Amino acid sequence: MNFAHDFLVEDREYKDYDDFSKHCRLKAPKDFNFAYDIIDRYAKEAPEKKALVWIDDNSDEAKVFTFTDISRESKRAAYWLSLKGIKKGDTVMLALRRRYEWWILVPALHRIGAIVINATDQLLQADIEYRTNAADVKMIISYDNPHILGEIEKAMAKSPTVKFLVTVGPEREGWISFHKEYETLDPEFPRPVGEAATHNDDPLLIYFTSGTSGYPKMVLQDYLYPIGHIMTAKYWHGVVDDGLHLTIAETGWAKASWGKIYGQWICGTAQFVYDMNMLKPDKMLQMISKYGLTTFCAPPTVYRFLVRQDLSKYDLSKCQRFSTAGEALNGEVFEKWLEKTGKKIYEGYGQSESTVICGNFMEYSEIRPGSMGRANPCYDISVLNPNGKPVPNGEAGELCINVSNGRPFGLLKGYYKDVSLTAEAFDGGVYHTGDNVYMDDDGYVWFVGRKDDIIKSSGYRISPFEVESILQKHPAVLECAVTGVEDKKRGMAVKATIVLSADYADKDPKEMELIMSNFAKENTAMYKCPRIYEFVKELPKTISGKIRRVEIREKDKGKDADKIKQDF
């Protein structure tokens with residue numbers, strides 16, 4: 001049993017991508033609320049249906065929650081939150097990593113109409129101060145991690161809107177114990193009516209985007225956002241009714257909304273949650289095998305670690321579909337995974353501001369490794385030049401989404417409390433993703449880079465990702481970032497900053513430079529070949545794990561290519 005069909009204009013099998021693209025559309029009921037209309041409905045119509053299978057590194061066996069459990073406990077939590085004065089429109093920050101309480105508290109806040117702010121446990125004092133003040137946070141709920149608890153406490157002196165600090169762990173001075181208080185209450189919270197009722201255009205959640213520079217933007221999504229993720233779960237993840245899906249994401253990131261709750265539950269699959277202290281590829285593969293996961297999604301970085309394991313030791317036969325997003329997938333990883341497992345990796349693309357925008361949807365068309373796939377039928381996409389005009393196929397431009405006929409389900413409502421930034425993002429009747437791509441003659445979209453990442457050298461426009469994809473085919477390269485540096489002759493020169501794999505980490509940098517230089521020349525056009533190689537222990541990244549090329553560029557700013565080359 002699943003309820004996806006209630007939101008599809010046509011719920012049927014599609015013959016091919018053209019059929020899918022023309023006819024797959026979503027619809028919404030009046031005043032949709034995910035907690036009441038999905039979770040409570042499952043609890044009533046299929047009370048024993050699994051919703052969540054949760055395990056951490058300290059557990060021998062997983063803890064299983066049915067939809068009846070989630071319905072009951074989220075009502076109890078909503079009642080408790082309301083007793084603390086949390087009401088419709090209040091903002092509550094959750095720093096819960098992968099704790100099972102997140103799947104109780106998020107629906108609880110939706111019941112009330114409070115705004116959810118998901119936060120990573122990697123935040124520091126300044127990050128927390130900015131978020132609490134920018135969004136008028138009234139309550140922070142955290143798990144028992146000494147780092148994040150300490151940083152929250154340090155931020156309180158400059159966080160005047162925060163009235164309550166709540167822990168889901170052991171009792172702590174100055175904090176309210178969630179379990180001690182809420183477990184004593186009745187699990188009753190009737191659906192609000194009148195002014196307290198929620199409506200489709202009410203604010204549901206805010207995501208602070210990590211960005212590449214400046215303060216994070218506050219992405220605001222409304223109550224229709226979960227419906228948009230039917231496209232993510234059903235047609236890209238390929239989840240199955242009564243299946244078991246794992247998206248490797250900590251709940252502080254938008255990818256959690258993509259893969260850990262909304263679309264998956266609407267489509268009837270249970271969530272598998274592994275609350276790991278750190279990624280251990282062998283342990284992750286054991287989990288997939290032991291619990292018989294049916295669908296799995298992880299960023300390309302994780303696949304790069306997994307594919308280096310002896311995959312023949314693990315039973316991955318029940319996993320029907322592997323998918324990836326977060327950054328572009330290198331063709332080399334795709335081919336190695338296919339060779340070792342016999343399974344393809346289905347790439348998808350989107351942002352914190354959206355659901356899946358492009359993807360390899362079901363088996364409707366062939367996968368072209370390295371492509372982000374084709375357009376989500378619910379998004380009217382185009383590739384535009386700086387003047388807002390469409391570019392020819394094969395030519396790079398900005399990926400934009402037409403909103404002149406209305407905003408599709410899952411696309412942001414706007415940037416919270418920032419009218420000018422919202423207007424800029426939707427300038428010209430389109431939503432500007434800020435990502436440069438090109439589209440081929442068959443409608444496949446290929447990532448080129450963020451608008452400010454493009455390298456212009458000797459009249460050529462060079463995609464960092466394209467060069468990174470070549471370099472990562474060499475076994476010496478664990479991770480790399482390609483940037484442009486000032487060059488008197490070329491305007492810009494291509495630089496590769498590389499983290500070496502363990503087998504090459506101790507080799508002489510000059511030897512590695514020669515090895516990588518020869519490899520690049522043998523595998524790509526000369527104008528794309530890096531002139532400068534820097535070998536580092538780690539790459540600068542945002543707290544969401546995305547490589548900060550901007551930080552590398554800033555470090556090299558003002559230095560000529562020849563000077564940088566001498567330094568290495």
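In the predicted model, two cavities of 30 Å³ or more are present; a cavity is a set of points on a 1 Å grid over the protein atoms alone where a 1.4 Å probe fits but cannot get out. Grid points are joined across faces, edges and corners, and a volume is the space filled by probe spheres set on the points. Residues are numbered from 1 along each chain as its sequence is written. Local features need pLDDT of at least 70 and side-chain atom pairs count only at pLDDT 80 or more, while totals for chains, interfaces and linings use all residues, and side-chain values use heavy atoms, with hydrogens and water left out.

The largest cavity encloses about 70 Å³. Ten residues line this cavity, with Asn 118, Ala 119, Arg 131, Phe 208 and Gly 252 the closest to its centre; lining residues have an atom within 4 Å of a point. Its lining comprises six nonpolar, three polar and one charged residues (Ala, Val, Leu, Ile, Met, Phe, Trp, Tyr, Cys and Pro count as nonpolar, Asp, Glu, Lys and Arg as charged, and the others, Gly among them, as polar). The second largest cavity holds about 30 Å³, and its lining residues include Arg 98, Lys 260, Tyr 274, Met 276 and Met 284. That lining divides into six nonpolar, one polar and two charged residues.

The axes of helices α2 (residues 34-45) and α4 (residues 102-112) come within 8 Å and cross at roughly 130°. Helices are DSSP runs (H or I, at least four residues), numbered from the N terminus; axes are lines fitted to C-alpha atoms over the stretch in contact, and angles run from 0 to 180 degrees between N-to-C directions. The pair is therefore oblique, a class left after angles under 35 degrees (roughly parallel), over 145 (roughly antiparallel) and 65 to 115 (roughly perpendicular). Contact, meaning heavy atoms within 4.5 Å, involves Phe 34, Ala 35, Tyr 36, Ile 39 and Asp 40 of α2 and Pro 107, His 110 and Arg 111 of α4.

Notes: Helices (H or I, at least four residues) and strands (E, at least two) are DSSP runs, numbered from the N terminus. On a 1 Å grid over the protein atoms alone, a cavity is a set of points where a 1.4 Å probe fits but cannot get out, and a pocket is an open set with protein on both sides within 12 Å along at least five of seven lines; lining residues have an atom within 4 Å of a point.
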